[in-house]
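Subject: Structure handover

Hi,

Here is the structure I promised to pass on to you. Please open it alongside this email, and my notes follow below.

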Amino acid sequence: MEILVDFPGGSRVDAHFKGFTVPTDQPPTASAPTPFDLFLSSIGTCAGIYVLGFCQQRDLSTDGIQIVQQIHSNPRTHMVEQIDLDIVVPPTFPEKYRDSLIRAAELCKVKKHLENPPKFNITTSKVEFA
């Protein structure tokens with residue numbers, strides 16, 4: 001997979017892939033989420049994909065289901081130290097599926113990549129203009 005990142009102006013930095021454009025921005029303009037906010041939100045939305053799939057496979061309604069993600073950062077380093085995901089289910093959600101719902105959310109690919117991070121190789125190259 002290739003992602004093209006460009007700089008459309010101001011503090012905007014956009015990513016383009018698979019026909020999508022994902023805009024990012026920084027304060028003070030903040031016309032889009034920051035890259036780090038997108039990264040953090042990808043954890044909850046990824047877990048949500050697995051929760052949704054679990055419910056759809058069992059014909060369980062997702063009405064009233066939410067995932068509340070809490071980010072805990074070290075006040076000294078400002079680095080994220082813990083991420084809590086709470087899958088909030090309505091009272092009508094079958095008790096027998098609650099542990100399985102957690103296991104489904106734990107399958108999240110973003111979470112798994114954080115647990116086993118990839119190596120980074122950063123280079124520069126020149127574009128030759130004709």
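Let me begin with a single residue: histidine 78 counts as exposed, because its relative accessibility of 63% is over the 50% cut-off. Please keep in mind that this is a predicted model. Histidine 78 sits in the loop that joins strand E4 (66–73) to strand E5 (80–88). What is the phi of histidine 78? Phi there is near 65 degrees, which is a positive value in a residue other than glycine.

Lysine 18 also has a positive phi, of about 50 degrees, although it is not a glycine. The loop in which lysine 18 is found runs between strand E2 (12–17) and E3. Lysine 18 is exposed, at a relative accessible area of 67%.

**The chain as a whole**

The protein chain has three helices and five strands. Starting from the N terminus, the order of elements is β-β-β-α-β-β-α-α. Along the principal axes, the C-alpha atoms fill a box of roughly 65 × 40 × 30 Å. The radius of gyration is 19 Å, whereas a compact globule of 130 residues would come out near 14 Å.

A few other totals for your notes:

- Of the 130 residues, 19% count as buried.
- The chain exposes about 10,300 Å², and carbon and sulfur atoms supply 57% of that area.
- Taking contacts between residues at least 6 apart in sequence, 32% join residues at least 24 apart.

**The loop between E3 and H1**

This is the part I would like to walk you through slowly. Aspartate 25 lies in the loop between strand E3 (20–24) and helix H1 (35–57). Does the environment of this residue look settled on charge? Here is what the model gives.Let me put that question better: which side chain of opposite charge is nearest to aspartate 25? It is arginine 12, 5.2 Å away, and aspartate 25 is buried yet has no salt bridge. That distance is beyond the cut-off, because a salt bridge needs a side-chain nitrogen of Lys or Arg within 4 Å of a carboxyl oxygen of Asp or Glu.

The side chain of aspartate 25 does make a polar contact, at 2.5 Å, with the side chain of serine 11. Leaving aside residues up to four places away in sequence, aspartate 25 touches Ser11, Arg12, Ala30, Ser31, Ala32, Pro33, Thr34 and Pro35.

Threonine 34, one of those neighbours, lies in the loop between E3 and H1 as well. Is threonine 34 buried or exposed? Its relative accessible area is 16%, so threonine 34 is buried. A polar atom of its side chain lies 3.0 Å from the backbone nitrogen of aspartate 37. With residues up to four places away in sequence left out, threonine 34 touches Thr24, Asp25, Gln26 and Pro27.

The loop between E3 and H1 also holds proline 28. The peptide bond leading from proline 27 to proline 28 is cis, and omega is near 10 degrees.

**Salt bridges**

How many salt bridges are there? The count comes to three.

- Aspartate 14 pairs with arginine 12, with the closest N and O atoms 2.5 Å apart. Aspartate 14 is buried, at 4% relative accessibility, while arginine 12 is partly exposed, at 27%. Arginine 12 is also the residue named above as the nearest side chain of opposite charge to aspartate 25.
- Glutamate 95 pairs with arginine 98, and here the closest N and O atoms are 3.8 Å apart. Glutamate 95 is exposed, with a relative accessible area of 59%; arginine 98 is partly exposed, at 39%.
- Lysine 111 pairs with glutamate 115, with 2.8 Å between the closest N and O atoms. The two are four residues apart in helix H3 (residues 109–115), so about one helical turn separates them. Both ends are partly exposed: lysine 111 has 25% relative accessibility, and glutamate 115 has a relative accessible area of 49%.

If you have only a few minutes, please look at aspartate 25, which is buried and without a salt bridge, and at its polar contact with serine 11. After that, the cis peptide bond from proline 27 to proline 28 is worth a look.

Happy to talk it through whenever suits you.

Best wishes

Conventions: Residues numbered from 1 in each chain as written. Predicted model: local features only at pLDDT ≥ 70, side-chain atom pairs only at ≥ 80, totals over all residues. Heavy atoms only, no water. Buried < 20%, exposed > 50% of the residue type's maximum accessible area, 1.4 Å probe, protein only. Lys, Arg positive; Asp, Glu negative; His and termini not counted. Polar contact = N/O pair within 3.5 Å; in protein donor to acceptor, adjacent residues only side chain to side chain. Contact = heavy atoms within 4.5 Å. Rg over C-alpha atoms; globule rule 2.2 N^0.38 Å. Areas by Shrake-Rupley, 256 points an atom, 1.4 Å probe, with all protein chains shown as cover.
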